[in-house]
Amino acid sequence: MTTFAVRPGSSRPLAGTGTLLRFALRRDRVMIPVWIAVNALMVLSMPGTLEGLYGTPAERADLIRQMETNSSLRAMVGPVFGDSLGALTAWRVGVYAGALAAVMSLLIVVRHTRDEEESGRQELVASGMVGRRASLTAALLAAAVANGVLALLVTAGLAGQGATGALALGLGIAAVGMVFATMAAIVAQLTESARLARGLTAAVLSAAFVLRAAGDSATDDGSSVLTRLSPLGWLENLRPYASERWWVLALFAGAVALQGAVAYALAGRRDLGMSFLPTRPGPASGRLGSAGALAWRLQRGGVLGWSIGFFLAGVVYGGMTDGAADLVGDNAGARRIIERMGGQSGLTDAFLASMVGMLGLIAALYIVASVLRLHGEETSGRAEPVLANAVGRVRWAAGHLVIAFGGAALIMLLAGLGLAVGYGRETGPILGACLVQLPAVWVVGGVAALLHGVLPRAALAAWGIAGAVLLIGWVGPALDVPQAVLDVSPFGHLPKLPGGAMHWGPVLVLTGLAVLLVAGGLAGLRRRDMTT
């Protein structure tokens, strides 16, 4: 069992917290600003977009009537509680902003707790004048700083729509982030793997989204028990810009305090590097007799989780296709945005194409996470004993890259099947549309592979690239940005399917570019020193 030395001053449980906090913020000086910028821009861009879509009281009244009767759309974005631009902004992006804040927070906390222990760096830190709970405190404070800045930007940016509602929305989004930050802190004590800690916390977030969606589809006022069981449902029931319910913030505060207390209690009852749910040792031969088999063993849980999530998302999006066409109706602005995302075909095909494109953008996050598993194996020292045997670097890396690129194809195929199941027709065209997204997804994965192979210390910048692509594809059409900006993303060059014309040129060029990026990454990996 791993132990750590205690030096004078380290008997204070929070000794060194300030230094660790500054170090954490310095390490995340790229990741945190990118997450905050993506989230804040998504929220702050929405009032102008909604004003163009629903500029008159009659259009807003019609929207509210449609949402009251359209359970599938309520499941996606929640109920509407007011007809002001601020209330519509909270309705349209509140849940998604809260979910993004949750993802940012869990990544920060796990990175500066379980990741540090798994890599062995925390043992070196703990041997100095550092308190037993300093690392956990610094991680939670780093998450609090990130969520605080996000809340400040949202509040300041939406103050023109009403300061009180802006404050409620900003605090609600940050509160969701802190609920999942403390949840991640608990899971980091229970598990011995940072990968498992991130996966389990993300699974809780997914369950929270499903509970909220199920509850909102059943009622049009957020009063369902299922909605109230979800922190994302609490954010809805805070009702920014619609007679704010300030008491809901007490639910967030109570959850954060309780989960934080549990995390601190668990942290004080285990040794460094240990966990309450130790990893079960696996076989040393047989199924793990090759580098590819080992890569599959390490990544199969992630592939399974993403596959299930994409299939279910496809079913939901497919089921709401007809309802979305009814909601858009004669609204020229909404039609223009959907057509810009999905092409100039019929409205239903354009909506399906925009949903396919959105799933492709999210698949880019999967492939970055999967490719960067190479970086995690290398920096933690686990790659060294594998490479010490008769396994070359390219062969070791190829195992993970096959899982990453093949897994992207699998989840997009399952997303297409889900869309076809939910929509009930056009199975072939929908599957083809989903598979056409793969070259752009692979380009993003190729960039991650190149960074890991050539500039390993900058490998995590691949998250920033994926975030920028997501921002361009998600927010760009709504902001009516120039086509030249949309073309910066590889997804901007793909044909808009189903409904549009198939153009093989961009597909083949992007596929070739992905191959070149991966080849460059493998060549760099062969020539450089391994990171320790």
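**Close-up views of a predicted model**

R373 is buried, and E377 is buried as well, in this structure, which is a predicted model.

**Figure 1. A salt bridge within helix 19, between R373 and E377.** The side chains of R373 and E377 meet in a salt bridge, with a distance of 3.0 Å from N to O. Both residues belong to helix 19, which covers residues 373-379, and because they are 4 residues apart there, about one helical turn separates them.

**Figure 2. A salt bridge from helix 19 to the segment after helix 26.** The side chains of E378 and R528 meet at 2.8 Å, N to O, in a salt bridge. Since E378 lies in helix 19 and R528 in the segment after helix 26, this pair ties together parts that are 150 residues apart in sequence. E378 counts as buried, at 3% relative accessibility, and R528 is likewise buried, with a relative accessible area of 12%. Elsewhere, R212, D216 and E236 are joined into one network by salt bridges that share partners.

**Figure 3. The salt bridge of R111 with D28.** The structure holds 6 salt bridges, and in the one shown here the closest N and O atoms of R111 and D28 are 2.2 Å apart. R111 lies in helix 6 (residues 85-111), whereas D28 lies in the loop between helix 1 (17-27) and helix 2 (31-44), so the pair ties together parts that are 83 residues apart in sequence. R111 and D28 are both buried.

**Figure 4. The packing of helix 13 with helix 14.** Two packed helices are described by the angle between their axes and the distance between the axes. The axes of helix 13 and helix 14 come within 9 Å and cross at roughly 155 degrees, which means that helix 13 is roughly antiparallel to helix 14. Helix 13 contributes P231, W234, L235, N237 and L238 to the contact, while helix 14 contributes V248, L249, L251, F252 and A255. Of the residues in this contact, 9 are nonpolar, 1 is polar and none is charged.

**Figure 5. Y241 and S243 in the loop between helix 13 and helix 14.** Most residues other than glycine have a negative phi. Y241, although not a glycine, has a positive phi of about 65 degrees, and S243, also not a glycine, has a positive phi of about 55 degrees. Y241 counts as buried at 13% relative accessibility, whereas S243 is exposed, with a relative accessible area of 66%.

**Figure 6. The cis peptide bond from L497 to P498.** Most peptide bonds are trans, but the bond from L497 to P498 is cis, with omega near 0 degrees. P498 lies in the loop between helix 25 (483-486) and helix 26 (504-527).

How values were computed: Residues numbered from 1 in each chain as written. Predicted model: local features only at pLDDT ≥ 70, side-chain atom pairs only at ≥ 80, totals over all residues. Heavy atoms only, no water. Helix = DSSP H or I, 4+ residues; strand = E, 2+ residues; numbered from the N terminus. Buried < 20%, exposed > 50% of the residue type's maximum accessible area, 1.4 Å probe, protein only. Axes fitted to C-alpha atoms, helices over the stretch in contact; angles between N-to-C directions. Parallel < 35°, antiparallel > 145°, perpendicular 65-115°, else oblique. Contact = heavy atoms within 4.5 Å. Nonpolar A, V, L, I, M, F, W, Y, C, P; charged D, E, K, R; others polar. Salt bridge = Lys/Arg side-chain N within 4 Å of Asp/Glu carboxyl O.
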